[in-house]
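Good morning, colleagues. Please take a moment with the sequence and the structure before I begin.

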Amino acid sequence: MAACGHVLPHDVTKPEVRSSLSAAAAEGSRTQTTLLPSPLPPPFLLLFLLLLLLLADHGRESGFTSSFCCAENMSRSGPSTANGPDRLSIAERAQSVPSPVLHLRQLPVDVSEQEVIALALPFGQVIKLITLKAKKQAFLEMASEEAAVTMVNYYTSAPPTIRNQPIFIQYSTHRQLKTDNLTNHRAALQASSAAAVHSGNMASGVEGRGLAQGQSSVLRIIVENLFYPVTLEVLQQIFSKFGSVLKIITFTRNNQFQALLQFSDIVHAHHARASLDGQNIYNGCCTLRIDFSKLSTLNVKYNNDKSRDFTRADLPSGEMDAAAAFGGALPPYVAAAFQPTFHQHTGVSMAVVPGPLVSPPCVSLQVAPPAGHSVLLVSNLNPESASPHCLFILFGVYGDVQRVKILFNKKENALVQMSDATQAQLAMSHLNGHRLHGNVIRVMPSKHPVVQLPRGGAEPDEQPLTWDYSGSALHRFKKPGSKNFNNIFPPSATLHLSNIPSSVSEELLKDLFSSAGVTVKAFKFFQKDRKMALMQLASVEEAIEALIALHDHQLDHNQHLRVSFSKSTI
């Protein structure tokens, strides 16, 4: 080696210095020869080599610090170049790598398995599910990575919610779920098969999202066991929890209250159907039956209580032409005749139903039974034919009528007081827009809280126009829990007859109804109970007239005929 003034190369390393130090020490001990000029004693050699070792360490430290600072400055200056890797943390990189397993966070603490699975059903089959309710988390394993990617991509732009609570979804670091307990696995499979996946093939369907073929963003809704009235507003409140509702049309077909509802996206429609089909709007009644409509879009011309286009506030409120919307004739609409207020997909809180039906995996729809006054205003009556008795019989199909008053100066108008606000809205939803004595009647809430009886000084002609029926024996719903609560249907051409004596024949009943001026199209006794029968007339209007004329008609000395509307046909 050269003299002490010699400079070591810049890239000298610590192992190289140590190796030189060991070799020099060994050589000095054997030959008594130094690496430095002879005047320099051996101890100074060791000090010199130690100094070189320190200088080498300092150079390496300086180089490392320089490189670290350079990298830090690059990360602060902005994202990497197009060809350079993104500087993400290990956790961030793991969560951005696609996986068939998805991690769901911020779930409701009492979330059900069906609610979790419903989020994934539009995108594919769920093969495993693990819920961690205490941590408000869940893990879903999809049948394919493609389905998981489609689901994450969609919910990134349209964050999902469960019960108005936003849910966070990301890829899991796990590639598959492993558990010894297959209970959750079987529940997921059962829920998946029971939900709205008809074809079973969820790969690359509509718009490349992995949705099942034959599905659209329009839902067809049928409400069974209609005890409380279901209005356009009620439907909008329920379904807007699952996405943006664009249009709603309500109508009656096959003697059932139905609706068509259009979402902004097929995924919202699928989610709503999977979550709400078979659920009760109110406790024990108003059951939803939901399927996909064959229509791809709805044609709404008017914004009123029967139809609504939430994207067109400029539409008039006139009567809608049903044939224009459906391409054919329909029976009259039967939706509640009060103007709804709309809360478009805002997650508004709604009052809870008293004693709601919440039995897993059922969903609480959280809709309160309607409230308000129990007095209805009936307008556009035929003043030549209308009477308190006919209104009492007709409105009595939907509740216990307490008082009826035909206005003295405007005999085409009347006030009908029901037992409570629920019965009033039920009668309003079923009878508004139907034809009575040749006129299409309008039924709406009245501003009067009660119907006042005439005072003693009333005119003689005015007294027959007001009647008090509070003590009538013809009330259908005066007994709590009466089976009549389960047999409330819209006006239809088919009538249900009951309390028929065994001595009364089919011909006698047909003659009785024919004498009332209606045309009998068909008749059938119940096979297991000849005390009941179905009679089909020529039209709904004739059925209304026959019910008014013949309900409580005396058939023998102690039996009176009971007449109501039926959902069946002959």
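**Salt bridges, pocket and cavities**

I shall start with a contact between two charged side chains: Arg 562 forms a salt bridge with Asp 552, with 3.0 Å between the closest N and O atoms. This pair connects distant parts of the chain, since Arg 562 belongs to strand β23, while Asp 552 sits in the loop between α13 (540–550) and β23, ten residues apart. I should say at this point that the model is predicted.

How exposed are the two partners? Arg 562 counts as partly exposed because its relative accessibility is 30%. Asp 552 has a relative accessible area of 24%, so that residue is partly exposed as well.

How many salt bridges does the count come to? The count comes to seven, and I shall describe two others. In one of them, the side chains of Arg 289 and Glu 224 meet with an N to O distance of 3.2 Å. Here too the pair links distant parts of the chain: Arg 289 is in strand β11, residues 285–292, and Glu 224 is in strand β7, residues 218–224, with the two positions 65 residues apart in numbering. With a relative accessibility of 37%, Arg 289 counts as partly exposed; Glu 224, at 30%, is partly exposed.

The other is a salt bridge between the side chains of Glu 506 and Lys 510, at 2.8 Å from N to O. Both residues lie in helix α12, which covers residues 506–515, and they are four residues apart, about one turn of the helix. Glu 506 counts as partly exposed, at 26% relative accessibility, and Lys 510 is partly exposed with a relative accessible area of 29%.

Let me turn to the largest pocket. Its volume is about 840 Å³. The lining consists of 30 residues, and those nearest the centre of the pocket are Lys 483, Asn 484, His 496, Ser 498 and Ser 564. Two elements give two or more residues to this lining, namely β20 (494–498) and β23 (562–565). Which element provides the largest share of the lining of the largest pocket? That element is β23, with four residues. Strand β23 is also where Arg 562, from the opening salt bridge, is found. Sorted by class, the pocket lining has eleven nonpolar residues, eleven polar ones and eight charged ones.

Next, the enclosed spaces. The structure holds five cavities of 30 Å³ or more, and the largest cavity has a volume of about 120 Å³. Ten residues line this largest cavity, and the closest to its centre are Glu 115, Thr 161, Ile 162, Arg 163 and Phe 242. The elements that give two or more residues to the cavity lining are β4 (161–162) and α8 (266–276). By class, the lining of the largest cavity comprises three nonpolar, four polar and three charged residues.

I shall end with the chain as a whole. The protein chain has 13 helices and 23 strands. Of its 570 residues, 45% count as buried. What is the accessible surface of the protein chain? The accessible surface comes to about 28800 Å², and 53% of that belongs to carbon and sulfur atoms. Finally, among contacts between residues at least 6 apart in sequence, 70% join residues at least 24 apart.

Methods. Residues are numbered from 1 along each chain as its sequence is written. This is a predicted model: local features need pLDDT of at least 70, side-chain atom pairs count only at pLDDT 80 or more; totals for chains, interfaces and linings use all residues. Side-chain values use heavy atoms; hydrogens and water are left out. On a 1 Å grid over the protein atoms alone, a cavity is a set of points where a 1.4 Å probe fits but cannot get out, and a pocket is an open set with protein on both sides within 12 Å along at least five of seven lines; lining residues have an atom within 4 Å of a point. Grid points are joined across faces, edges and corners, and a volume is the space filled by probe spheres set on the points. Ala, Val, Leu, Ile, Met, Phe, Trp, Tyr, Cys and Pro count as nonpolar, Asp, Glu, Lys and Arg as charged, and the others, Gly among them, as polar. Buried means under 20% relative accessible area, exposed over 50%, partly exposed in between (1.4 Å probe, protein chains only). Contact means heavy atoms within 4.5 Å. Accessible areas come from the Shrake-Rupley method with a 1.4 Å probe; for residues, only the protein chains shown count as cover. A salt bridge is a side-chain nitrogen of Lys or Arg within 4 Å of a carboxyl oxygen of Asp or Glu.
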